[in-house]
Amino acid sequence: MVHPIVVYGDPVLRQRAKEIKQGTDISELVTDLFETMHAANGIGLAAPQVGRSVRLFVVDGTTISKDAEEAEPGMENFKMAFVNPVLIEELGKPWEFEEGCLSIPNIREKISRKGTVRIRYYDENWNLKEEEYDGMKARIIQHEYDHLEGKLFIDYLSPLKKRLLKGKLNDISRGEVDTEYRILAPLRK
Ligand code: NI
């Protein structure tokens with residue numbers, strides 16, 4: 001089922017999401033997250049973005065076109081769910097990339113993040129994994145992991161940049177923004 005995507009200003013995006021009890025059947029939520037992400041042409045989506053404050057996000061790099069900025073080798077296999085993930089380590093040289101977020105439509109800003117992550121997580125069948133990712137895959141993981149911590153990419157911007165975005169962010173919270181997917185705006189009248 002495709003859900004509307006919760007946008008900026010909704011408190012669920014600012015909560016620290018709760019762990020999922022091990023063994024819980026999460027197949028429906030995982031399916032819904034993939035369907036919702038695909039309907040919005042996203043490459044990552046975290047459960048809080050559909051209003052569920054639990055520690056789960058999905059990624060799918062398989063739909064990135066070869067000439068897109070996000071394209072990189074190995075993306076064709078980067079499709080999975082991360083359940084109760086723990087970001088063990090972030091390392092490597094920070095690099096900048098213009099990030100966007102389905103919960104903050106039509107805003108893209110250069111964000112600096114470290115190049116490599118080590119992450120421990122369960123897959124959707126509750127198999128425990130520990131893996132290392134770098135490049136764009138690491139960045140997608142860092143962005144989605146932040147959602148589980150109640151953090152958004154705009155939090156990394158300078159106070160000046162944030163001030164400049166304030167009007168646009170208020171519009172988003174009121175639902176006054178053009179998207180090709182359904183949104184749930186907290187301050188829509
Ligand atoms: Ni996001």
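**Strand pairing, ring contacts and overall fold**

Colleague: In the hairpin of β7 and β8, which residue takes a positive phi?
Modeller: In this predicted model, the hairpin has 5 residues between its two strands. One residue there has a positive phi, near 65°. That residue is W126.

Colleague: Over how many bridges do strand β7 and strand β8 pair?
Modeller: Strand β7 covers residues 116-122, and strand β8 covers residues 128-134. The two pair in the antiparallel sense. The count of bridges between β7 and β8 is 7.

Colleague: Which residue in β8 stands opposite R120?
Modeller: R120 falls within strand β7, residues 116-122. Its partner falls within strand β8, residues 128-134. Opposite R120 in β8 stands E130.

Colleague: Is the aromatic pair of F57 and F82 stacked or edge-to-face?
Modeller: By the ring-centre rule, the model has 6 aromatic pairs. In the pair formed by F57 and F82, the centres are 4.8 Å apart and the planes make an angle of 25°. Planes under 30 degrees apart meet the criterion, so the pair of F57 and F82 is stacked.

Colleague: How many residues apart in sequence are the parts that the pair of F57 and F82 ties together?
Modeller: F57 belongs to strand β3 (residues 56-60), whereas F82 belongs to strand β4 (residues 79-91). Both residues are buried, and ring pairs link them with F78, Y121 and Y133 into a cluster. Because F57 and F82 lie in these two strands, their pair ties together parts whose separation in residues is 25.

Colleague: At what distance from the ring centre of W95 does R139 lie?
Modeller: Two charged side chains may be considered here. The charged end of K79 sits over the ring of F34, 5.6 Å from its centre. R139 lies over the face of W95, and its distance from the ring centre is 4.2 Å.

Colleague: What is the radius of gyration of the protein chain?
Modeller: The chain contains 3 helices and 9 strands. For 189 residues the globule rule gives 16 Å, and the value for this chain is close to that, so the chain is as compact as a globular protein of that length. The radius of gyration is 16 Å.

Colleague: Among contacts between residues at least 6 apart in sequence, what percentage join residues at least 24 apart?
Modeller: Of the 189 residues, 49% count as buried, and the C-alpha trace spans about 45 × 35 × 30 Å along its principal axes. For contacts between residues at least 6 apart, the share joining residues at least 24 apart is 67%.

Methods: Residues are numbered from 1 along each chain as its sequence is written. This is a predicted model: local features need pLDDT of at least 70, side-chain atom pairs count only at pLDDT 80 or more; totals for chains, interfaces and linings use all residues. Side-chain values use heavy atoms; hydrogens and water are left out. Rings of Phe, Tyr and Trp (its six-membered ring) pair if their centres lie within 6.5 Å; planes under 30 degrees apart count as stacked, over 60 as edge-to-face and the rest as tilted. Helices (H or I, at least four residues) and strands (E, at least two) are DSSP runs, numbered from the N terminus. Buried means under 20% relative accessible area, exposed over 50%, partly exposed in between (1.4 Å probe, protein chains only). A charge sits over a ring if NZ of Lys or CZ of Arg is within 6 Å of the ring centre and within 35 degrees of the ring normal. The radius of gyration is taken over C-alpha atoms; the globule rule is 2.2 Å times the number of residues to the power 0.38. Contact means heavy atoms within 4.5 Å. Two strands pair if DSSP finds at least two bridges between them.
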